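Here are a few notes to help you find your way around this one. Have the structure open while you read, and take the points in order.

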Amino acid sequence: MGSVAWIVLSLYFVLMIVIGWWAKSRVHDARDFFTAGGRMPWWLAGISHHMSGYSAAVFVAYAAIAYTTGFALYVWWAIGIVFAMAVGSVLFAPKWPRLRERLGIISPLEYLTTRYNLPAQQVLAWSGAALKIFDVGAKWTASAVLLNVFAGVPLHWGVLLTGGVTLVYSTVGGLWADALTDLGQFVIQLAAGVAMLVVTLSKLGGISSVWTMWDRLPASHAKPFAGSYTVAFFLVYLLIDTLSYNGGTWNLAQRFIAAGNAAQARRAAVLSGALYLVWPLVLFFPMWAAPLLLPGLKEPDQSYALLTTHLLPSGLIGLVLAGMFAHTMAMTSSDANAISAVVVRDIIPGLMRGRSSLSARAELAAGRIATFSFIALSLVIALTSDHFGGVLGLLILWFGALVGPIAIPMLFGMLPWFRRSGPSAAILSWAAGLIVFALTKYVFDGQVARLGENWVSTVTVAGPVIVAFVVFAVTGLVRPWRDPASDELIDALSSDEGPAPEQAIAHA
């Protein structure tokens with residue numbers, strides 16, 4: 001990186017902090033900090049949801065998959081999310097703003113006390129918060145890898161730089177800062193991604209290389225399913241994506257909660273899904289072409305960064321690097337906001353049961369402290385990521401396998417088909433998923449490995465989420481749970497008509 005690239009990247013970091021500080025003027029209480037007061041327009045919620053759904057790990061871990069496997073990455077990842085958003089726009093997205101309107105929630109888990117009970121809510125809150133620390137740690141590590149390739153910055157300094165900037169604007173500006181920086185980051189990564197696409201096409205011989213390039217790559221690179229990314233793996237991730245992108249990943253639920261009403265949340269989901277259908281084709285094309293432009297790489301996770309340094313002038317290198325950081329900072333800042341909402345509205349009230357709740361001013365202060373603390377802990381994980389299997393291990397195995405057991409009672413609990421699955425079903429499904437993950441990862445890992453390399457990831461990820469779902473559904477059939485307040489809440493979420501449940505009014 002030359003001086004021009006450093007100037008561009010520095011200006012980007014400064015702009016993010018300025019936006020965060022400006023957003024501070026819009027934050028007057030915890031509702032503004034965590035849900036933008038329920039006033040976020042649908043198009044901003046949709047762009048923010050999209051930007052918060054992936055990070056610089058795309059340019060590291062996913063770039064390696066594109067280099068070694070090819071088009072299967074788009075099918076497994078992007079098409080899976082498009083399917084998830086199509087389902088979610090009907091089943092899940094409209095319910096989140098209804099929860100805000102009827103229960104006054106500002107945390108994705110806040111309604112679980114009414115839907116199940118306090119112990120079930122606390123189990124999901126504590127375990128989900130711990131899991132997200134690992135997930136966000138992977139994002140910081142990915143950013144540091146990029147900065148190391150571009151500029152030779154040591155990994156620990158790269159982690160501290162990107163994390164430190166995000167820590168400032170997230171702690172100060174809340175969800176408004178997250179969403180507004182997401183919008184700025186969307187514009188930056190759009191320009192950077194298009195620049196990379198144009199340069200790559202020119203190196204390959206023009207626009208015709210979009211379809212002729214595949215003949216020069218290994219035959220498996222043009223297949224929709226290849227290597228470890230089999231049909232079975234794809235089907236498993238359809239379920240995981242549906243859970244994750246519709247609110248199982250809490251920061252994405254925040255975008256829907258912040259939308260003005262159910263119709264706007266539905267539009268936001270459709271917009272985000274449409275962006276996932278189109279944008280990854282632009283983003284991934286240079287990654288798919290990398291084996292032709294940089295053959296024989298020993299570390300394919302550096303392929304996109306090396307392409308950038310080989311193909312672009314200094315100023316554009318800074319822009320592309322800023323675009324890569326844009327993805328990470330969008331996701332991690334929104335994660336921090338969602339986790340702090342859970343801490344302030346779910347974990348702290350649970351610990352204070354029977355005592356007076358926090359005042360509005362104390363809630364806002366606690367939210368900022370929780371945001372700061374979460375980002376700081378995730379930076380510690382990033383600095384020790386090698387102990388957890390690196391970026392890809394944290395992302396695909398740890399997060400992919402464990403998000404399901406947490407998300408299943410959270411999302412399926414909204415649906416009337418599962419109204420008889422109560423607190424026992426929620427806790428048992430969560431516990432069963434975690435036990436299966438531990439067994440496949442650490443006890444029966446040898447037996448899983450003997451199934452073949454292509455099945456290891458599928459079994460490790462599929463086992464916990466499938467078992468958790470089965471336990472949740474079957475427990476509701478075997479031990480049906482009936483609770484008037486829970487039934488009233490589920491009925492109230494099914495349409496925009498009708499009064500808020502009495503229990504909800506008391507809770508709010």
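1. Start at Trp-96. Leaving out residues up to four places away in sequence, Trp-96 touches Pro-108, Tyr-111, Asn-246, Gly-247, Ala-253, Phe-256, Ile-257, Met-410, Leu-411 and Met-414. Keep in mind throughout that this is a predicted model.

2. Now for the wider setting. The largest nonpolar core has 118 residues, and Trp-96 is one of the three that touch the most other members, along with Trp-77 and Tyr-111. Which helix gives the most to this core? That would be α13, residues 262-293, with 13 residues.

3. There's also a second core, separate from that one, made of eleven residues. Among them are Leu-9, Met-16, Leu-147 and Ile-188.

4. Leu-147 turns up again if you look at Val-153, since the two are in contact. Val-153 sits in the loop between α8 (118-151) and α9 (155-204). Is this loop residue buried or exposed? Its relative accessible area is 16%, and the cut-off for buried is under 20%, so Val-153 counts as buried. Besides Leu-147, its contacts beyond four places in sequence are Trp-6, Asn-148 and Gly-158.

5. On to the aromatics: the structure holds 22 aromatic pairs. Take Trp-76 and Phe-233, whose ring centres are 5.6 Å apart. Their planes are at 55 degrees, so the pair is tilted. Trp-76 belongs to helix α5 (residues 72-91) and Phe-233 to helix α11 (residues 231-248), so to speak two distant parts of the chain, 157 residues apart. Both rings belong to buried residues: Trp-76 has a relative accessible area of 2%, and Phe-233 has 1%.

6. Phe-92 and Phe-412 make another tilted pair, with centres 6.5 Å apart and planes at 50 degrees. This one also links distant parts of the chain, 320 residues apart. Look for Phe-92 in the loop between α5 and α6 (95-103), and for Phe-412 in helix α17 (residues 390-412). Phe-92 is buried at 2% relative accessibility, and Phe-412 is buried at 11%.

7. Last, have a look at helix α21, residues 484-492. Which residue caps its N-terminal end? Asp-483 does, with a side-chain oxygen 3.3 Å from the backbone nitrogen of Ala-485. Ala-485 is itself buried, as are Ser-486, Asp-487, Leu-489, Ile-490 and Ala-492 in this helix.

Methods. Residues are numbered from 1 along each chain as its sequence is written. This is a predicted model: local features need pLDDT of at least 70, side-chain atom pairs count only at pLDDT 80 or more; totals for chains, interfaces and linings use all residues. Side-chain values use heavy atoms; hydrogens and water are left out. A nonpolar core is a set of buried Ala, Val, Leu, Ile, Met, Phe, Trp, Tyr and Cys residues joined through side-chain atoms within 4.5 Å. Buried means under 20% relative accessible area, exposed over 50%, partly exposed in between (1.4 Å probe, protein chains only). Helices (H or I, at least four residues) and strands (E, at least two) are DSSP runs, numbered from the N terminus. Contact means heavy atoms within 4.5 Å. A polar contact is a pair of N or O atoms within 3.5 Å; within protein, one must be able to donate a hydrogen and the other to accept it, and residues adjacent in sequence count only if both atoms are side-chain atoms. Rings of Phe, Tyr and Trp (its six-membered ring) pair if their centres lie within 6.5 Å; planes under 30 degrees apart count as stacked, over 60 as edge-to-face and the rest as tilted.
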